[in-house]
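Dear colleague,

Please find the structure below for your consideration. A short account of what was found in it follows.

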Amino acid sequence: MIPLEGEALFAAPPAEVFPRLLDPAVLKRCIPGCESLEDRGGGRYEAVLKLGVGAVKGTFKAAIALADLDPPRGFSLGVDAKSLVGSGSGSVRVTLAPEGAGTRLRYAGELRATGVIAAVGQRLLGAGARNTADGFFAGLAREVGSG
Amino acid sequence: MIPAAFDYAVPETLDEAVKLLADHGDVAKVLSGGHSLLPLMKLRLARPEIVVDLRKIAELRGIHRDGARLVLGAAATHAEIAASAEVRDACPLLVETAGRIGDPQVRNAGTIGGSVVHADPAADWPAALLALGATVHLRGASGMRTVPAGEFFVGLLQSAAKTGEILTSVTVPVPETPRAAAYLKMAQSASGFALCGVAVQLAPGGGAAASAAIGITGVAETPYRAADAEAALAGGPLDDARIDAAAAKAVPAGARVLSDVHASEAYRRHLASVFVRRALRAARDRARA
C-alpha cells in the first residue's frame with residue numbers, strides 16, 4: 001500500500017474549479033497520457049491512460065468512480081486500473097478550500113498494486129500516480145489560472 | 001522472463017543513433033550495457049518497439065583527461081573506470097565507487113552512461129557524481145547540451161534526459177590538489193544495489209577546516225547532495241562532534257525516503273546517518289594519512 005497525497009493552488013475560486021474537475025473534456029485535455037475518456041454516467045468514467053516512469057511504461061485501462069460529491073468542497077475518487085504489467089487501485093479524497101481569491105486543492109489517499117509491478121516495483125506505481133496527478137493539476141492550472 | 005518482440009538497430013555513429021531515436025520517438029529505447037534495460041524488458045515492464053544498441057559507436061567510448069576535467073565516455077564500463085590509472089590519479093573516488101558496483105558481471109558489462117541515465121535511486125554513481133560536481137553531456141536532434149549532476153536526477157527512474165537524447169559522456173572536475181574522499185555503502189546482498197551509499201569529498205586542507213561535499217544514493221527516491229549535513233560541518237575543524245552533527249542531518253526534511261521489502265524507511269534513515277558518519281571519518285583518516 002502506497003500513501004498518496006499532494007496539493008495544488010489555482011487562481012480561480014472553488015466554485016469555478018470544482019465543475020472543471022468533473023468535466024470529461026477538461027479531464028481528457030489535462031490528464032497526462034490520457035488517450036480516451038468516456039463518461040459512463042452516474043459519476044463513472046472509463047479511460048485509457050499511457051503511463052510511464054522512466055524506462056517502465058504501460059497502457060492502463062482505468063475505471064474511475066466519483067463519490068460523496070460535496071460541491072464545491074470536495075469529492076472522493078476511486079480508480080481501478082489494469083494493464084499488462086499489473087494492476088493498481090487507489091482511492092483519494094479531494095478537498096477544495098478558498099485561499100485568497102483562489103483555491104487550495106488537497107488530495108490524500110492510498111494506492112494498492114498487484115501483478116508484476118507490485119512484485120518488483122510498487123514504488124514505481126506511486127511515482128507514476130504522483131506524476132499523473134502533478135501533470136493533471138499543472139494542466140488544470142493552465143486552464144483556470146494558477147495561484 | 002522472455003521480452004516482448006522488438007526491432008533491433010546497431011548504428012555505427014552517434015548521428016545515426018540520434019536519427020533513429022528521432023524517427024521512433026518514445027517507443028525506442030537505447031541499449032548500452034543492458035544491465036538495467038534488459039531485466040525490465042524480461043519482466044515486460046519495459047516494452048520498447050525498437051532497441052537502439054550503442055555498442056558500435058566509437059565516439060562514446062574511452063576515458064581521458066582534458067585539462068582540468070576528466071571525461072568518462074558514456075560507454076565506459078564500471079570495470080574500465082575501476083581499473084583506469086588515469087582515473088585513479090585524477091579522482092580516486094570514482095575508482096572506489098566503480099569497484100563497489102554490483103558484481104563482476106555487472107561491472108564488466110554495465111556502463112556509466114547507462115547507469116546514470118537510467119536514474120535508479122539505488123545506483124552507486126549518483127552519490128559520487130553529486131559529491132564531485134560532475135556534468136552530464138547529452139546529445140539530441142537539436143544538438144548537445146549539458147546538465148549538472150545536481151539537476152540531472154529528478155525522480156524515481158527519471159532524469160533530465162529527454163526522449164530522443166543520448167548521454168554521451170560524464171565529465172568530472174579534477175581538483176588542483178588531491179582531495180581526500182570516500183564512498184561507503186550498505187549493499188542489498190542479492191543485487192548489490194545500495195540500500196544506502198554515501199560519497200564524500202573533503203575541501204582542500206583535509207581535516208583542518210571542515211567542509212565537504214556529500215552525495216547520498218539509495219535512501220530517497222532521488223539521489224541528493226546532503227546540503228544540510230554539509231552546512232552542519234561548517235565553522236571549524238572536522239572533529240567527531242561536527243561529523244556527528246552532519247550525520248544527524250543526513251536526510252533532509254521532506255525527502256521521499258524509500259521503503260521496501262529490503263529496508264524500511266526507518267532503517268534507511270538510520271543507515272544514512274551511520275554512513276555519513278563513517279564516510280566522513282574515512283575521508284578524514286585518508287586526509288591525515
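**Interface and helix α12**

Between them, chain B and chain A bury about 1,500 Å², of which 60% lies on carbon and sulfur atoms; buried area is the accessible area (1.4 Å probe) that two parts lose on being put together, summed over both. On the side of chain B, B:L45, B:L156 and B:L157 lose the most area to chain A, together 37% of what that side buries.

This is a predicted model, in which local features need pLDDT of at least 70 and side-chain atom pairs count only at pLDDT 80 or more, while totals for chains, interfaces and linings use all residues. Residues are numbered from 1 along each chain as its sequence is written, chains are lettered from A in the order in which they are written, and side-chain values use heavy atoms, without hydrogens and water.

The contact (heavy atoms within 4.5 Å) draws 17 residues from chain B and 15 residues from chain A. The count between the two chains is 1 salt bridge, a term for a side-chain nitrogen of Lys or Arg within 4 Å of a carboxyl oxygen of Asp or Glu. The side chains of A:R130 and B:E221 meet in a salt bridge at 2.5 Å, N to O.

Helix α12 of chain B (a DSSP run of H or I, at least four residues) covers residues 265–288. Its 24 residues should span 34 Å at 1.5 Å a residue (1.5 Å times one less than the number of residues), and the end C-alpha atoms are 35 Å apart, which agrees.

Yours sincerely

Key. Helix = DSSP H or I, 4+ residues; strand = E, 2+ residues; numbered from the N terminus.
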